[in-house]
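Q: Please take a close look at one part of this model and describe how it is built and what surrounds it. Connect the description to any annotated positions.

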Amino acid sequence: MPDGLMPAASPAFADPSLPPVRTDWTRDEIAALIALPFPELLFRAQSVHRARFDPTEVQISTLLSIKTGGCPEDCAYCPQSAMHEDGGVKASRLMAVEAVLKEARAARDAGAARFCMGAAWRSPKDHDLETVCAMVEGVKALGLESCVTLGMLDARQAQRLRDAGLDYYNHNLDTSPEHYGNIISTRTYQDRLDTLSNVRDAGINVCCGGIVGMGEDESDRAGLIASLASLPKHPESVPINLLVRVAGTPLAEAEAVDPIDFVRIIAAARIAMPASRVRLAAGREDMTDEAQTLCFLAGANSIFYGEKLLTTPNPEASRDARLLARLGMHTSLVQA
C-alpha cells in the first residue's frame, strides 16, 4: 500500500436514535439547502456526516475501462460515443478476463476496496455478459467489492450479474429530468430509472449519481439531487462528477463550475442522502487540494484512486496519498 494510505478501522454503526432516512425530498427543499450561507451549509453537512460515518475515513475505488469506445449513445459529455468522431477514443474489444484480474490485483495492492469495471455499451449482449460475470467472480475471489457499469439492463441480465456475486451496479441519472434531453437523446430518463429498478429488484447495491457542469442551471442541480434522494431507496453510492471537458465532444467548451458551487452540491447530496457513500468522482484532476478538502468537509467520503477514469485523467496516486496524509485521513479496505 502506498505511503500515506492507511486502512481505516471498521466504520461505526449509525445510532438507532437517528431520524429515518427520507425519500421524499423535493426540488425546492434541495434548492433551499444549496442556497444556505456556506458556513451553515457545511456545518449541517458535516453534522449529518459525523452521525453515520467516521469523518476522517475515505473509501477507495479503482475504475477500469474493460471495453472502450464505439458506444451508440450520444451523451454530449462522453468521448466514447461513436457519434463524437473527434473525441479521440477508438473502439476496442472487451478485455480478456485474466487481463482484468491483473489490474484488479494491482488495485487491491494499491489500497482499493472496490474494483469498478466499465464497458461502453448501450446494453450488454448475452455472450459479453457471461465474460463480465467471470470477471466479477474473479474480482470477488481477490477480496474486493465488485462494481460494473454496462449500460441498460433488463431484469434477467441484472439477476445473472447478481448470481455471479456482483456487489454494485453503476447507472447514473446524469442530470435533472428537465435538462436531460439537452444532453442525451438516445435513451430516456425513464430508461435509466427502469435499469435502476431492475438492479435493485435483483438485490444488487446501486451506484447512481450525476455530473455537474453540463450547462445546467441551479434549479437543475437541485433537481438532480432531488431525483436521487427521492428514489424508493437511496443509492448506496452516489458519485458526483465534475464535467471533464473533452475536445471533440459537444460540451468541450462548457463553462467551468465555480469550486464553491460544486462543494454546495456535495453538501446537499450528503444532507439529503445521509447513509450513502458520496463519491468525489471525475474532475478531481482539475481541482485544487483545497477544493477537494472542502468536499471532504461537506461529506464526500469516497474517491476513485488511480491515474485514469475510463478515458479521462485522474490525480496521480501519490498526490492523493499526500493530500490524505496532510489531512490526517485514512482509507477503508474490504477484508478478504
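A: Two strands are taken as paired if DSSP finds at least two bridges between them; helices (H or I, at least four residues) and strands (E, at least two) are DSSP runs numbered from the N terminus. The model is predicted, so local features need pLDDT of at least 70 and side-chain atom pairs count only at pLDDT 80 or more, while totals for chains, interfaces and linings use all residues. Residues are numbered from 1 along each chain as its sequence is written, and side-chain values use heavy atoms, with hydrogens and water left out.

The part chosen is strand E3, which covers residues 145-149. The chain around E3 holds 11 helices and 12 strands. Of its 336 residues, 57% are buried, where buried means under 20% relative accessible area, exposed over 50%, and partly exposed in between (1.4 Å probe, protein chains only). Among contacts (heavy atoms within 4.5 Å) with a separation of 6 or more, 76% join residues 24 or more positions apart.

E3 is largely enclosed by the rest of the structure, because four of its five residues are buried. On one side, E3 runs parallel to strand E2 (residues 114-119), and five bridges join the two. Within this pairing, Phe115 has Ser146 of E3 as its bridge partner. E3 also runs parallel to strand E4 (residues 168-170), here with two bridges. In that pairing Cys147 stands opposite Tyr168 of E4.

The connections between these strands pass through helices. E2, helix H4 (residues 126-141) and E3 form a right-handed β-α-β unit; right-handed means that, with the strands pointing away from the viewer, the path from the first strand over the helix to the second runs clockwise. From E3 the chain then goes through helix H5 (residues 155-163) to E4, again in a right-handed β-α-β crossover. Beyond E4, Asp174 sits in the loop that leads to helix H6 (177-180). Asp174 has a positive phi, near 75°, although this residue is not a glycine. Its relative accessibility is 2%, so Asp174 counts as buried.

Cys147 also links this region to an annotation. UniProt, in an unreviewed entry, places the feature "binding site" at Cys116, Cys147, Cys207 and Arg279. These four positions are spread over 164 residues of sequence, yet they cluster in space, with a largest C-alpha distance of 13.9 Å. Positions from UniProt are given in the numbering used here with shortened feature names, and annotations may be inferred rather than shown by experiment.

Cys116 belongs to strand E2. With a relative accessible area of 3%, Cys116 is buried. Apart from neighbours within four places in sequence, Cys116 is in contact with Ser61, Thr62, Leu63, Leu64, Cys147 and Phe304. Cys116 and Cys147, two of the annotated positions, are therefore in contact with each other.

Arg279 lies in strand E8 (residues 277-280). At 1% relative accessibility, Arg279 is likewise counted as buried. Its contacts, again leaving aside neighbours within four places, include Gln59, Ser61, Arg114, Cys207, Ser237 and Phe304. Cys207, another of the annotated positions, is thus one of the contacts of Arg279. Ser61 appears among the contacts of Cys116 and among those of Arg279. The side chains of Arg279 and Ser61 make a polar contact at 3.4 Å. A polar contact is a pair of N or O atoms within 3.5 Å; within protein, one must be able to donate a hydrogen and the other to accept it, and residues adjacent in sequence count only if both atoms are side-chain atoms.

A further "binding site" annotation in the unreviewed UniProt entry covers Cys71, Cys75 and Cys78. Cys75 is in the loop between strand E1 (57-67) and helix H3 (97-109), and Cys78 is in that loop too. Cys75 is buried at 9% relative accessibility, and Cys78, at 19%, also counts as buried.

Elsewhere in the chain, helix H10 (residues 289-297) has buried residues that include Asp289, Ala291, Cys295 and Phe296. Gly299, just after H10, takes a positive phi of about 115°.
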